[in-house]
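Me: I'm new to this one, so could you pick a single part, the surroundings of the ligand, and look at it closely? Then please walk me outwards from there.

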Amino acid sequence: MTFRVVTGSITDLDVEAVVNAANSTLLGGGGVDGAIHRAAGPGLLAECRTLGGCLPGQAKLTGGYDLKARYVIHTVGPVWRGGDRGEDTTLASCYHESLRVVRERRIRSVAFPAISTGVYGFPKPLAAQIAVMTLREKMWEDMEVLLCAFSAPDAAILQAALDKET
Ligand code: ADP
C-alpha cells in the first residue's frame, strides 16, 4: 500500500484514475476541473453531458480520454460556508464515495486533488486532515493513493496531515 503526497498538475500523473474536483453540473469549470478537461479533450465533456450532474459528496466515473489516466472520477466538494453546514461530512463523503468507485472498478492507483480548497474556500489544513483520515480508514492493501498538491506550500500542508495521522 502506498499513500503519499506528490506536487504538480494532476493531469500529468501516470495513475489509473484521477479524481476531479468538479462542480455539480459536471460541465467543466476552472481550477483543477478546467485543467482536467483541457488535458482530456472534448470527449470528456461529451461523456459528462450524459451523466445528469452530481450532488455534493457523490462521485461519478468517466473515461480519461487523452489523459494518461484511464478513468476520471468526478466528485463535487462542499462550498465552505463557515463550517457549520456539514462541510466536513460532505468533504469526507467525496473521498469515501470516490474510493467506492475505485473499489468497484478494481482500480489500483488513484490520485486526488485537494478537493474544495480552491474556489470553494475550504480551509486547507482541515481539508488535508479530513482527506488523510478518510482515505486511511477506507483504503486497502495493494493500492496506490496519491494526494496531489498544486504548489509546494500545499504539499507541505498535506504532508503534515499525513505525518500527523501516521
Ligand atoms: P474547488 O472548486 O473544489 O475548490 P479548485 O479547482 O478551485 O476546486 O481547487 C481545488 C484544489 O486543486 C486547489 O488546492 C487548487 O490549487 C488545486 N489545483 C488547481 N489546478 C490543479 C491541477 N492542475 N492539478 C492539481 N491540483 C490543482
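Reply: Let's settle some vocabulary before we go in. Ala, Val, Leu, Ile, Met, Phe, Trp, Tyr, Cys and Pro count as nonpolar, Asp, Glu, Lys and Arg as charged, and the others, Gly among them, as polar. Keep in mind that this is a predicted model. With those classes, the shell around the ligand splits into 11 nonpolar, seven polar and two charged residues. That shell holds 20 residues, and the closest to the ligand are A21, G31, A35, G118 and Y120. Helix α1, residues 31-40, gives the largest share of the shell, with four residues.

One of those closest residues, A21, takes us straight into strand β2, where A21 is buried and points the same way as A17 and V19. V18, N20 and A22 point the other way, and they are buried too. This kind of switching back and forth is what you'd expect, because side chains in a regular strand alternate between the two faces of the sheet. Strand β2 is mostly covered, as six of its six residues are buried.

What does β2 pair with? Six bridges tie β2 to strand β4, residues 71-76, and the two run parallel. You can pick out one spot in that pairing, where A17 sits opposite Y71 of β4. Strand β2 also pairs with β5, again in the parallel sense, through two bridges. There, V18 has A111 of β5 as its bridge partner.

From β5 you can carry on to β6. Five bridges link β5 (residues 109-113) to β6, and these strands run parallel. S109 faces E144 of β6 in this pairing. The connection goes by way of a helix: β5, α4 (residues 124-138) and β6 together form a right-handed β-α-β unit. Strand β1, residues 2-7, is parallel to β6 as well and is joined to β6 by six bridges, with V145 as the bridge partner of F3. Strand β6 is largely enclosed by the rest of the structure, because five of its six residues, 144-149, are buried.

Two loop residues are worth a stop on the way out. L26 lies in the loop between β2 and α1, and its phi is near 60 degrees, a positive value in a residue that isn't a glycine. Is L26 buried or exposed? It has 23 C-beta neighbours inside 10 Å, so it counts as buried. R106, in the loop between α3 and β5, also has a positive phi, about 55 degrees, without being a glycine. R106 is exposed, though, because just 8 other C-beta atoms lie within 10 Å.

Now step back to the whole chain. It has five helices and six strands, arranged along the sequence as β-β-α-α-β-β-α-β-α-β-α. The radius of gyration is 14 Å, close to the 15 Å that the globule rule gives for 166 residues, so the chain is as compact as a globular protein of that length. The C-alpha trace spans about 40 × 35 × 30 Å along its principal axes. Of the 166 residues, 42% count as buried. Finally, among contacts between residues at least 6 apart in sequence, 70% join residues at least 24 apart.

Conventions
Residues are numbered from 1 along each chain as its sequence is written. This is a predicted model: local features need pLDDT of at least 70, side-chain atom pairs count only at pLDDT 80 or more; totals for chains, interfaces and linings use all residues. A residue is buried if 20 or more other C-beta atoms lie within 10 Å of its own, exposed if 12 or fewer, and partly exposed in between; C-beta atoms are placed from the backbone. Two strands pair if DSSP finds at least two bridges between them. A crossover is right-handed if, with the strands pointing away from the viewer, the path from the first strand over the helix to the second runs clockwise. A residue is near a molecule or strand if its C-beta atom, placed from the backbone, lies within 6 Å of it. The radius of gyration is taken over C-alpha atoms; the globule rule is 2.2 Å times the number of residues to the power 0.38. Two residues are in contact if their C-beta atoms, placed from the backbone, lie within 7 Å.
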